[in-house]
Amino acid sequence: MRKRTLFRLAAGTVAAGAAALAYASLIERNLFTLRRYDVPVLATDTEPLRVLHLSDLHMTPGQTRKQDWVASLAATDPDLVVVTGDNMAHPGAVPGVLRALQPLLDYPGAFVFGSNDYTGPVWKNPFSYFLPDREYAEGATLPFEELREVLVTAGWADLNNARTSVKAGGRLVELVGVDDPHIEQDDYPSVAGPVSAQADLSIALTHSPEPRILDAMAGDGFDLLLAGHTHGGQVCVPGVGALVTNCGLPRHMAKGLHRWPGSESWLHVTAGVGTHPTAPVRFACRPEASLLTLIPR
């Protein structure tokens with residue numbers, strides 16, 4: 001009798017695990033969701049400004065469902081589009097990325113790259129993400145210069161260790177960004193400095209939300225800090241949230257809008273649109289983009 005009960009429990013556990021895996025790999029990773037947040041960073045009595053934040057497309061050829069959904073976000077009519085890296089996951093991904101972003105290129109935009117814009121994915125043991133000092137493994141070189149050229153030619157600002165200002169929604173927006181800190185390509189000191197008094201708004205970009213970078217950006221007075229990379233934890237526990245962030249960010253800040261500690265800056269981390277090709281699952285963490293409506297303080 002006891003053996004039969006144990007067998008039933010084991011069988012039930014296996015069945016539940018299989019069902020969860022099937023849901024995570026076949027259903028939830030395709031449940032694309034647009035998140036909406038109000039961010040109080042503008043001066044009093046000014047009109048709202050809409051920022052569409054995209055990240056972590058991890059595009060591979062043939063992902064037309066993902067491409068169509070991203071392209072459909074042009075209907076939100078953003079004032080500014082911001083992309084925080086990891087657009088590609090395959091050497092042939094550029095046409096798919098451009099098919100997704102093409103309708104958005106008509107709007108003012110800015111971007112930084114992530115590690116998976118430079119090199120392709122390699123298989124990793126999922127449990128290695130719990131190891132803070134795990135060695136970074138590089139895959140095949142990706143056509144990042146081709147992607148950069150198309151985005152810059154369209155008029156988007158390349159903020160990989162760069163700083164500039166753009167007009168968006170009738171406002172002057174000061175922008176700064178770094179190349180991916182996850183692979184130590186960042187050089188914030190080369191672009192650091194207090195925000196301009198002439199700017200109506202200031203936004204800082206990084207792919208990986210490393211606290212040392214966010215502290216420096218917030219210290220310079222940037223109103224809004226934008227990042228991706230975490231995938232929101234990708235596989236989360238309901239009621240608990242992310243188990244890992246794959247960076248120095250605390251788990252409770254793995255996605256969403258938060259005030260950056262010790263500053264007046266707001267941090268938004270998006271859980272991103274895609275997944276690593278070797279781990280195409282999401283659980284309790286839908287793929288997402290965010291429409292940030294910036295409003296008066």
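The legends below go with several close-up views of a predicted model.

Residue numbers start at 1 in each chain and follow the sequence as written. In this predicted model, local features need pLDDT of at least 70 and side-chain atom pairs count only at pLDDT 80 or more, while totals for chains, interfaces and linings use all residues, and side-chain values use heavy atoms, with hydrogens and water left out.

**View 1. The whole chain, for orientation.**
The protein chain has six helices and 14 strands; these are DSSP runs numbered from the N terminus, with helices being H or I over at least four residues and strands being E over at least two. Of its 297 residues, 52% count as buried (under 20% relative accessible area; exposed is over 50%, partly exposed is in between; 1.4 Å probe, protein chains only). Take the contacts with a separation of 6 or more: residues 24 or more positions apart account for 73% of them, a contact being heavy atoms within 4.5 Å.

**View 2. The open sheet that starts with β1.**
Here six strands line up as β1-β14-β2-β3-β4-β5, with mixed pairing. Two strands count as paired if DSSP finds at least two bridges between them. The edges belong to β1 (33-42) and β5 (157-158); each has a single partner strand, so one side of each is left without a neighbour in the sheet. Further in, β3 (residues 80-83) runs parallel to β4 (residues 109-111), and three bridges join the two. Look for V81, whose bridge partner in β4 is G109.

**View 3. A cluster of aromatic rings.**
The chain has four aromatic pairs, counting rings of Phe, Tyr and Trp (its six-membered ring) with centres within 6.5 Å; planes under 30 degrees apart are stacked, over 60 edge-to-face, and the rest tilted. F111 and F113 make a tilted pair, because their ring centres are 5.4 Å apart and their planes sit at 40 degrees. F111 counts as buried at 1% relative accessibility, and F113 counts as buried at 0%. Y118 and F144 pair edge-to-face, at 4.7 Å centre to centre and 70 degrees between the planes. That pair links distant parts of the chain: Y118 is in helix α4 (residues 115-118) and F144 is in helix α5 (residues 144-153), 26 residues apart. Y118 is buried too, at 13% relative accessibility. Ring pairs tie F111, F113, Y118 and F144 into a cluster.

**View 4. The open sheet that starts with β6, plus a helix lying across strands.**
This open sheet also has six strands and mixed pairing, in the order β6-β7-β8-β9-β13-β12. Its edge strands, β6 (162-168) and β12 (256-259), each pair on one side only. From one strand to the next, the twist averages 25 degrees. β7 (residues 171-177) and β8 (residues 201-205) are parallel partners with five bridges, and G177 stands opposite L205 in β8. Helix α6 (residues 211-219) lies across β8, β9 (224-227) and β13 (266-269), running at about 155 degrees to β9. For such angles, axes are lines fitted to C-alpha atoms (for helices, over the stretch in contact), and values run from 0 to 180 degrees between N-to-C directions.

**View 5. Two cysteines without a bond.**
How many disulfides are there? The count is zero, a disulfide being a pair of cysteine sulfur atoms within 2.5 Å. The sulfur of C236 has its closest cysteine sulfur in C285, but at 4.2 Å that is too far for a bond. Both cysteines are tucked away from the probe: C236 counts as buried at 5% relative accessibility, and C285 is buried with a relative accessible area of 1%.
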